[in-house]
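Me: Please take a close look at one part of this model, the strand pairing, and follow it into the side chains that go with it. I would like one connected account rather than a list.

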Amino acid sequence: MQSEISLAGASWAAVQRFDRQPQYTEVNPGEDAKLTCTLHHRKGHCSWQKDGKPVGMYPRKYEWVAGGAAMGPGGPMPPPGGDCSIWVRSATIEFDDGEWECQVTASDFASQDALTSNPVKLVVRVAPQRPRIEYNATQMAPGQNVSAKSGERASLRCISRYGNPPAKLKWMLGDEPLSDTGNQTSVREQDNPKTWSTSSVLDLAVVKRHHGRSLRCVALHDLYIARSLDVDVKLDVRFPPEVRLVGAPSKDVEEGRDTVELRCESEANPPATITWRRSQKAEILNTMNSTMILRPARRSDTGTYTCQARNVVGASQPLSVHIDVKYPPRILHVGPDRKVTAQLFSQTSFTCEAEGNPQPSIQWLQKMPIHPMAIADGSAEDKVILRGAEPRLVLTNLTYDHQGEYVCRAANKIANVERPVQSEPIPVHIKGAPQVVRRPNAEVYAARGHDAIIRMVVCADPRPRRISWEWGSMQLEAGMIMGRYKAEELAQDVREDCYEARFHIKGADAADARSYTLTAENERGSDRHTVLLAVRGEQEIVDEDTARTRLHSNPVSMIAMIGILAVGMIILLITACVLICAYRKETCCFKPEPINSLIDGIYVKPTGVTASGRNDTQPTTGELNSEKSPGGPLAQSRRSSHDSNGALASPPIYTTSPPRGGPRMMQGAVVTATGAYHHTGINHPISSAEKVRLSPMVLQPPTRV
């Protein structure tokens with residue numbers, strides 16, 4: 001078994017076979033090319049074929065690489081070794097370019113081990129011509145424009161001819177290789193089959209950004225000096241215009257001061273025509289220039305400006321910018337009258353028309369009238385009051401506070417700077433009755449022992465003809481003095497048609513703390529106002545001669561004071577009426593009591609009951625015995641107790657209780673200072689017995705029936 005394997009291995013080892021077969025080879029014209037072919041255990045004869053035809057060995061043309069071989073009938077014999085490689089000397093395309101094969105005959109007839117290599121090309125290089133570009137079947141000169149519309153597809157062909165091997169072609173857009181190199185094909189030239197014609201087709205989607213760029217076809221070949229040669233064309237891409245608006249103002253444009261320069265920059269191929277329009281008027285302003293200049297800007301230039309570009313391909317989208325020319329305000333009309341004289345408590349109105357951009361705001365300002373004397377001595381400053389913020393101002397219930405000069409103030413802002421303007425003033429004069437300026441919740445304070453001055457301002461036109469001060473039941477007219485009180489003449493106030501009335505109190509004390517009323521009169525009427533003077537122990541004065549006026553922290557208003565006084569008076573009147581009615585009807589405390597008379601220091605009571613309970617009208621037995629004579633005092637008294645009609649009058653009763661209101665006379669009786677008792681014209685003395693009888697009764701308390 002082992003011997004069989006050894007024989008088989010020896011047999012395999014003895015079979016001839018290729019070690020290296022020929023490879024594709026390129027050679028420049030005139031240079032030598034080596035075609036390699038080596039074998040193991042070669043026993044047959046080596047030979048070469050070109051393009052299917054045997055090639056003999058010729059000195060200085062085709063030679064064995066191993067060399068030194070003997071000459072045979074067909075030339076040099078192949079070397080005895082396994083190297084069958086040959087040299088192709090001074091290669092030319094006409095004789096040497098083609099497909100070559102290395103062949104080895106069989107070692108013997110029976111072995112059938114003849115060998116033939118794969119055919120390989122020996123290429124004798126030939127430099128191709130300069131490539132060229134064709135567009136629309138037209139050859140383009142180098143650098144020529146290739147015109148195409150944006151959005152279209154352009155088909156370009158690059159051709160390289162008479163090269164061997166064929167050139168390799170690639171496309172470049174500028175320096176950027178195109179990923180789509182198209183289809184490259186190579187065919188033998190009909191007039192020179194040993195060379196090739198190569199072409200590459202590029203299908204390019206043309207866009208705007210390709211405009212003006214170089215499109216190159218590059219041919220690569222080893223015989224080119226730089227191993228490459230190219231040709232280029234310039235892409236001329238037609239596209240509709242695209243515009244850009246430059247110079248739009250970023251801040252306010254003021255009339256007569258600023259210049260506006262607008263540029264409509266267009267990008268188009270072919271170049272476009274620029275058209276400017278103003279939207280508000282739909283007019284064409286300029287078709288020759290891409291720049292529009294407003295120098296200087298006017299208010300009539302305000303509007304929306306639109307630029308548009310157009311060429312043979314199409315038109316651009318219009319671009320617009322709004323130019324708003326600002327201008328300061330101007331008052332067009334103020335009225336309706338240039339001077340107003342109105343009655344007190346009436347109504348008047350004003351209107352103001354103004355223009356400006358932006359639309360100005362309107363204010364009505366009142367400049368308070370200042371008397372010329374106050375202006376001359378610098379004692380007063382201008383005072384301005386805002387009366388309204390609308391074009392129309394309506395003043396109702398006019399008072400002297402509305403008197404003055406009225407101006408319409410219009411203002412707007414340009415470039416963040418206010419631009420005001422004022423109208424000519426409209427004087428407003430108020431005529432009517434006097435009006436005392438009220439100061440609500442105000443009192444005049446004075447320190448005790450110091451002078452007090454009460455000041456009030458009264459406005460009137462015509463000037464008040466009479467000014468008076470009233471307090472309590474007193475009245476003092478302006479310019480007069482009464483004791484500690486002095487009413488000054490009217491003094492001109494800082495305001496026109498207004499006057500200051502002053503009332504002086506020298507050495508004010510608590511009795512002067514009261515209400516003081518100022519009354520002003522003129523031909524059109526009168527007005528009065530009351531102010532309260534408070535006298536305090538602490539000195540609260542501006543200087544030692546005048547008191548100051550201030551708002552009380554919690555003042556009691558004059559209305560409250562008057563209300564309290566009125567309620568008190570009503571209560572007092574009701575009480576007085578009740579007392580009077582009770583007195584007249586003899587009720588309550590005014591019920592009549594027995595009339596008492598004073599006799600020698602003892603009150604006499606005409607009727608009643610004594611302390612013992614008996615009726616004092618009945619005399620005792622002793623009295624009857626001692627005074628029973630007809631001429632006695634008791635008898636006379638009883639006789640006198642009968643009235644003229646014969647009726648018996650009640651005899652007096654004595655008591656120590658004094659009558660209410662002191663000694664009073666009895667009805668129809670009078671007691672004289674000597675103790676005489678007068679009744680109906682009868683005068684007689686009281687007897688000593690009657691006086692003695694009264695003595696024990698002095699200490700008894702009074703008894704009323």
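Reply: Two strands are taken as paired if DSSP finds at least two bridges between them. The model is a predicted one, and with that in mind a good place to begin is strand β32, residues 340-343, which is joined to strand β39, residues 426-436, by 4 bridges, the two strands running parallel. Within this pairing A342 stands opposite I430 of β39. Strand β32 also has two faces that differ in cover, with V340 and A342 on the covered face and T341 and Q343 on the uncovered one. A342 therefore belongs to the covered face of β32, while being the residue that stands opposite I430.

A second arrangement of strands is an open sheet of 4 strands, in the order β24-β31-β33-β36, with mixed pairing. Its edges are β24 (253-254) and β36 (392-395), and because each of these has a single partner strand, one side of each is left without a neighbour in the sheet. The partner relation at one of these edges can be followed in detail: strand β33, residues 348-357, is joined to β36 by 4 bridges and runs antiparallel to it, and T348 stands opposite L395 in β36.

Strand β33 leads on to the aromatic residues, for which a search of the whole structure gives 9 pairs. One of them is formed by F350 and W364, whose ring centres are 5.6 Å apart and whose planes meet at 35°, so the pair is tilted. Since F350 lies in strand β33 and W364 in strand β34 (residues 361-367), this pair ties together parts that are 14 residues apart in sequence. Both rings belong to buried residues, for F350 has a relative accessible area of 0% and W364 likewise has 0%. W471 and Y485 form another tilted pair, at 4.8 Å centre to centre with 45° between the planes. Here W471 lies in strand β42 and Y485 in strand β45, so that this pair, too, ties together parts that are 14 residues apart in sequence. W471 is buried at a relative accessible area of 4%, and Y485 counts as buried at 14%, given that the limit for that class is under 20%. These two residues are members of a single aromatic cluster with W469, F503 and Y516.

Some residues of that cluster reappear in the largest nonpolar core, which has 26 residues and in which I454, I467, W469, F503, I505, Y516 and L533 have the most contacts. At least two residues of this core come from each of β40 (442-447), β41 (452-461), β42 (466-471), β45 (485-487), β47 (498-505), β48 (515-522) and β49 (525-536). L533 shows how such contacts are spread: leaving out residues up to four places away in sequence, L533 touches V444, A446, A452, I454, I505, D512, A513, R514 and Y516. Apart from this core lies another, of 25 residues, with V146, A219, L235 and V237 among them.

Charged side chains add a further set of links, and the count of salt bridges comes to 34. In one of them the side chains of D230 and R216 meet at 2.9 Å, N to O. D230 lies in strand β23 (residues 228-246) and R216 in strand β22 (residues 214-220), so this pair ties together parts that are 14 residues apart in sequence. D230 itself counts as partly exposed, at 26% relative accessibility.

In another salt bridge the closest N and O atoms of E255 and R299 are 3.0 Å apart. Because E255 lies in the loop between β24 and β25 (260-269) and R299 in the loop between β28 (291-294) and β29 (303-310), this contact ties together parts that are 44 residues apart in sequence. R299 counts as partly exposed at 35% relative accessibility, and R299 also lies over the face of Y327, at 3.7 Å from the ring centre.

The account closes with strands β39 and β49. The side chains of R438 and D527 meet in a salt bridge of 2.6 Å, N to O. With R438 in the loop between β39 and β40, and D527 in strand β49, the pair ties together parts that are 89 residues apart in sequence. The two partners fall into separate classes of accessibility, R438 being partly exposed with a relative accessible area of 41%, whereas D527 counts as buried at 16%.

Terms used
Residues numbered from 1 in each chain as written. Predicted model: local features only at pLDDT ≥ 70, side-chain atom pairs only at ≥ 80, totals over all residues. Heavy atoms only, no water. Buried < 20%, exposed > 50% of the residue type's maximum accessible area, 1.4 Å probe, protein only. Core = buried A, V, L, I, M, F, W, Y, C linked by side-chain atoms within 4.5 Å. Contact = heavy atoms within 4.5 Å. Phe/Tyr/Trp six-rings, centres within 6.5 Å; stacked < 30°, edge-to-face > 60°. Lys NZ or Arg CZ within 6 Å of the ring centre and 35° of its normal. Salt bridge = Lys/Arg side-chain N within 4 Å of Asp/Glu carboxyl O.
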